[in-house]
Amino acid sequence: MVDVSSAGKAGGELDLVRLSPPTIPPNVKPEVLISPKYFIMTRRGTGTTGRRIQLLANHFKVTVKAPDAVFYHYSVHITAEDKRAVEGKGIGRKLVDRLFQTYSSELAGKKFAYDGEKALYTVGPLPQNKLEFTVVLEETFAKSETVSPGEGTEKRSRRTLQSKTFTVELSYAAKIPLKSIALALKGANFDNTQDALRVLDIILRQQAANMGCLLVRQSFFHDDSRNFTDVGAGVIGVRGFHSSFRPTQGGLSLNMDVSTTMILTPGPVIDFLIANQGVREPRYIDWVKAKRMLKNMRIKTRHRNMEFKIIGISEKPCNLQCFPMKLKTGDGASEGETADITVFEYFSKHCGIELTYSQYLPCLDVGKPKRPNYLPVELCALVSLQRYTKALSSQQRASLVEKSRQKPQDRIRTVTDAVCKYQYDSDPVLTTCGISIEKQLTQFEGRVLDTPKLKVGNSEDCTPFKGRWNFNNKTLLNPTRIDRWIVVNFSARCDTSQISRDLINCGRKKGILIERPFTLLEEEPQCRRQSPVVRVEKMFEQIQTKLPSPPDFILCVLPEKKNSDIYGPWKKRTLSDFGIVTQCISPSKVNDQYLTNLLLKINSKLGGINSLLALEHSSRVPLIKDTPTMILGMDVSHGSPGRSDVPSVAAVVGSRSWPLISRYRAAVRTQSPKVEMIDALYKPLANGKDDGIIRELLVDFFKTSNGRKPTQIIVFRDGVSESQFNQVLNIELDQIVKAYQHLGEANIPKFTVIVAQKNHHTKLFQTNSPDNVPPGTVVDTKIVHPRNYDFYMCAQAGMIGTSRPAHYHVLLDEIGFSPDDLQNLIHSLSYVYQRSTTAISIVAPVCYAHLAAAQVGQFMKFEDLSDTSSGKGSITSSESIPVQELPRLHEKVQGSMFFC
């Protein structure tokens, strides 16, 4: 964040600074276009509309009694006896703990906060700026006591303790005053505020590490089976806590929330593999998959009670896998002589361990790349609290959500009990700073905005109740007509003839005239065992044989409800190659509600409109009705965890047919894996043309808005963290401006840029009710940022669990919305989602961008059908990765809401 306190208005109350380009002399030709630069704006005020409501949040007030305390930052450098640098949080924490125990007097008795890697903090300075210490650790090291194959001899097994000497160097790096937080709370903008907050968060992490917890960023998880929930396939959900310090209008607060992560089921490795692969017996295990899954996992051996890390799996089974064992010199063998022996024979003859089922299975390799160390599977058990970082299946995700949800009152009780239990303010470093934490949730006042009214068929009014409405005895506002369509069935067990009749009847009630399908096509039985791409090709051969010309719409019946391998190739063929709108279904229970929801999606895809905001219907949306305004929703979808070879997919949706704000067109591109900033917004080619996303959407807006160009653009950006806000303004917004200028426009539109976040840990509760907060609840005081322009909004009705509000950050507002107008617009945009009859938790353009990225991203799936949870072929992100280009949509569907 850039400090703008010295520019503009007095007292630093500057909403926006746009730097003017320097004056260019008349005889000098500019080589490059100088773009304006933006700074994050400050809050302009608070909203007043809506009814008042008393609320609580999971923020606990923090008091700082020693605000003048200064953290001293020291860099930590650890080397072993062989002068090699030592890395790894486990060993680092042990060494630093031992260092402060051994040399307490030399360190002036200072307490410390250590991040486990290279940063250490103390309150006040250490005696010298550079200190070097020798630290001795006595541990039971796996290498020194193992008698396992390929590593050492029986003699070494008697050495259970090994002393290792390390050198720990502490070098002064910086001073971080705690006062910067106090100044930030008053609205000042200081660079080291985030540094001071980071130190406080490191203290919390250190406390959790000392309790033996698994740490995942600012969340921690205890090894307590009472917090475990089995989600299937050898994976367990662990309930823990998120804790972090946050600056708010009400002062410094501790944000405490329930958090969940995934771990591998601890216990026998063989039991995990059977559960993970869904097989009945060990002999059915796929060991190629097992190798990918187990790599780098830690196990404990039954026969020695030692911990090891798995690096691979033996090529042969235990009873055939040999290794060279050193022979004892007393048995007539010369020194250093070896003899080959199988792993099975070694354990039975030399260790007295009779192996059963594992003698016919591969061994686990826990050695080094050139010095294998084999262990039979049945002697190995997975250590607890090992993160599972692969993508969850649909069933696992559903199971996790169902088992981990909590009602609001249960959530309040859980987090309050945790704050009392962990006694953070008794931490010696926090005590030195005079920090104390209240044990009650923060109480404040929020507002519930009025529910926007909708227009449906025959210009009827529809007033949602508690964020919900329906089309019972109502028709769609602008129903489409379906004349030429077909049904295709990929071997699903259902009556497609009955489904088509039911759809026609339901459509008639909703105002959609649907003719009888031209034909019903069943997949040929011999195709069922073919690859998904071949199955789709064969189906299209049937379509082209039976139909004289392409249909306007295809209803596609899939055999699997979720994650069907046919979906990606099917969508690519229909949307990219033929330009045919399709709707995929996998019906289990067909009733009127199911068919109505299906028709909402079909009608939107074919260009119809299900409902509009009443304000939108009569062109009365404030600040938009009189000025051509385009709304953008932007999101980036990344590949599965552990896959650094899968390109990320960037999607941007843009509103069309101004003054409507309910119709959108999507543009989708691939980019480098795991890159969050969208790099194809502006993409100049060698021929001088722009092949970027924004040009495509701007041209579409112009064509559908009676030749009007947008003079205002509202950008909703999803999926970025606070550290990336400046990049959104000065990279992405800069590209949008360049794309606009490339079209020959001199006057740049006014921009309003808003980041929408769902991945945060603030929860809202009613003080006088056990229910979730009502839909339309907005909070822009007390728990919001002391300087920046942000607010929380819960637009959706929380029926189960505890509602999570959306957190909106207004980075820039050149359009000049009042807080009330902006909040009401955002609230209204939660009611224009054409796929459902409920208010959604975040604005519709962001949801549409997410849907478009996910659907078009499936186009790539048919080219790589390897197990997405495997990490097969994954490469480090630092390597050069050629990004696979996505095929463009066919011109017939480019302007459709195909993603609905």
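Here are two short exercises on helix packing, each with a worked solution.

The model is predicted, so local features need pLDDT of at least 70 and side-chain atom pairs count only at pLDDT 80 or more, while totals for chains, interfaces and linings use all residues. Residues are numbered from 1 along each chain as its sequence is written, and side-chain values use heavy atoms, without hydrogens and water.

**Exercise 1.** Work out how α16 and α17 are oriented to each other.

*Step 1.* Find helix α16 at residues 693-704 and helix α17 at residues 725-742; helices are DSSP runs (H or I, at least four residues), numbered from the N terminus.

*Step 2.* Their axes lie 9 Å apart at an angle of about 55°. Axes are lines fitted to C-alpha atoms over the stretch in contact, and angles run from 0 to 180 degrees between N-to-C directions.

*Step 3.* Angles under 35 degrees count as roughly parallel, over 145 as roughly antiparallel, 65 to 115 as roughly perpendicular and the rest as oblique. The pair α16 and α17 is therefore oblique.

*Step 4.* For the contact (heavy atoms within 4.5 Å), look at Ile694, Arg695 and Leu698 of α16, which meet Ile736, Ala739 and Tyr740 of α17.

**Exercise 2.** Now try the same with α11 and α14.

*Step 1.* Helix α11 covers residues 496-510 and helix α14 covers residues 592-605.

*Step 2.* Here the angle is about 70° and the axes are 10 Å apart. That makes α11 roughly perpendicular to α14.

*Step 3.* Check the contact: α11 residues including Asp502, Leu503 and Cys506 meet α14 residues including Asp592, Leu595 and Thr596.

Definitions and conventions. Helices (H or I, at least four residues) and strands (E, at least two) are DSSP runs, numbered from the N terminus.
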